[in-house]
Amino acid sequence: MNKDVLNLDHCGGPYDLTEANRETGYHPWPGTLAEQAVIAFFKANPTRIAGKRLLHLGIGNSSVFRAVGDHVSKFVGLTVCLPEKIHFEQTFGHPAHAEIHFASKHDPRNYDKIVGPFDVIVDVNLKSFACCEQHFQDMMALYVDRLAPNGVIITAATGLRFGWSAAKRLANTPGVSAGEAGRSWRILGEQGVQQLGERYGLTLEKHAVRGVAHWHGQFDLSGEPDIADESLWLLRKG
Ligand SMILES: C[S@@+](CC[C@H](N)C(=O)[O-])C[C@H]1O[C@@H](n2cnc3c(N)ncnc32)[C@H](O)[C@@H]1O
């Protein structure tokens with residue numbers, strides 16, 4: 001059998017985080033268009049976030065907490081990059097209503113730490129960094145289990161089109177396979193999100209967010225920020 005197919009079905013893990021997870025992070029870079037669109041959506045719809053319990057997967061440069069931290073009643077963030085957790089703590093200290101875990105969302109050994117229920121779960125890269133189908137579905141089952149009745153998972157169209165190639169030695173999900181087969185498998189797509197809705201009994205809503213300022217080349221900060229439209233997908237429980 002093709003090794004990639006085997007690995008993408010089940011990576012053989014979960015595996016422990018590595019030295020690379022302690023060394024690199026995305027916090028020096030601006031947030032993605034996807035995340036900027038989520039923030040714009042919350043700013044335009046403050047009742048979606050006021051007093052709510054929020055789980056954020058992939059804290060990056062802490063933009064989401066910066067935007068909504070004063071409004072939510074609880075914030076739990078995950079990252080597989082230790083420097084991102086350190087950056088959060090250096091920027092915000094240890095707010096009583098917030099906790100950041102250096103832990104993989106694709107590792108069920110961590111799930112006891114993620115105590116719900118949550119009204120909102122933000123993950124703009126649902127499958128983009130997944131190691132295999134087993135641990136992707138474990139993550140989805142976790143999200144659905146931790147959602148409060150009427151709670152929503154929020155993701156974004158550009159994140160649905162992104163699959164990490166795993167070619168660079170950057171912090172990532174341990175057990176992730178490099179190469180084209182893995183990259184294209186990590187592209188969930190709009191059809192994939194609709195299938196998740198059916199599988200987990202979630203109702204889907206799509207929201208357009210217009211005119212979002214972001215850096216087009218995320219790792220190239222030359223020039224002015226770009227302005228683009230984005231679509232958010234909301235997957236509602238119940
Ligand atoms: C490209 S950065 C994006 C940061 C931010 N969410 C944004 O959209 O601007 C990828 C983020 O996903 C996180 N990440 C990647 N794989 C993960 C995993 N298996 N579990 C938890 N977080 C993960 C990284 O730690 C990092 O915060």
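I count a residue as near the ligand if its C-beta atom, placed from the backbone, lies within 6 Å of it. A note to self before going on: this is a predicted model.

**Entry: the ligand shell.** I looked up who surrounds the ligand and found 22 residues. G31, E35, G58, G60 and F129 are the closest of them. I then checked which elements give two or more residues to this shell, and they are α3 and β2 (74-79). By character, I sorted the shell into 9 nonpolar, 10 polar and 3 charged residues.

**Entry: the cores.** Next I turned to the largest nonpolar core, which has 56 residues. Which members touch the most others? I noted A37, V38, L54, V120, I121, V122 and L232. Helix α3 (residues 33-44) is the top contributor here, giving 6 residues to this core. I followed A37 a little further: leaving out residues up to four places away in sequence, A37 touches A156, V209, V212, E230 and L232. I also found a second, separate core of 5 residues, with Y26, V80, C81 and A171 among them.

**Entry: helix α5.** Which residues of α5 (residues 82-92) are buried? My list reads E84, K85, H87 and F88. They lie on the same side of α5, because the arc they cover around the axis is only 160 degrees. I recalled that an α-helix has 3.6 residues a turn, so residues three or four places apart point the same way. Looking at what covers the buried residues of α5, I found α4 (63-68), β2 and β3 (98-102) among the elements there. Last, I checked what comes just after α5: G93 has a positive phi of about 75 degrees.

Note on methods
Residues numbered from 1 in each chain as written. Predicted model: local features only at pLDDT ≥ 70, side-chain atom pairs only at ≥ 80, totals over all residues. Core = buried A, V, L, I, M, F, W, Y, C linked by C-beta atoms within 7 Å. Buried ≥ 20, exposed ≤ 12 C-beta atoms within 10 Å, placed from the backbone. Helix = DSSP H or I, 4+ residues; strand = E, 2+ residues; numbered from the N terminus. Contact = placed C-beta atoms within 7 Å. Nonpolar A, V, L, I, M, F, W, Y, C, P; charged D, E, K, R; others polar. Arc of directions from axis to C-beta.
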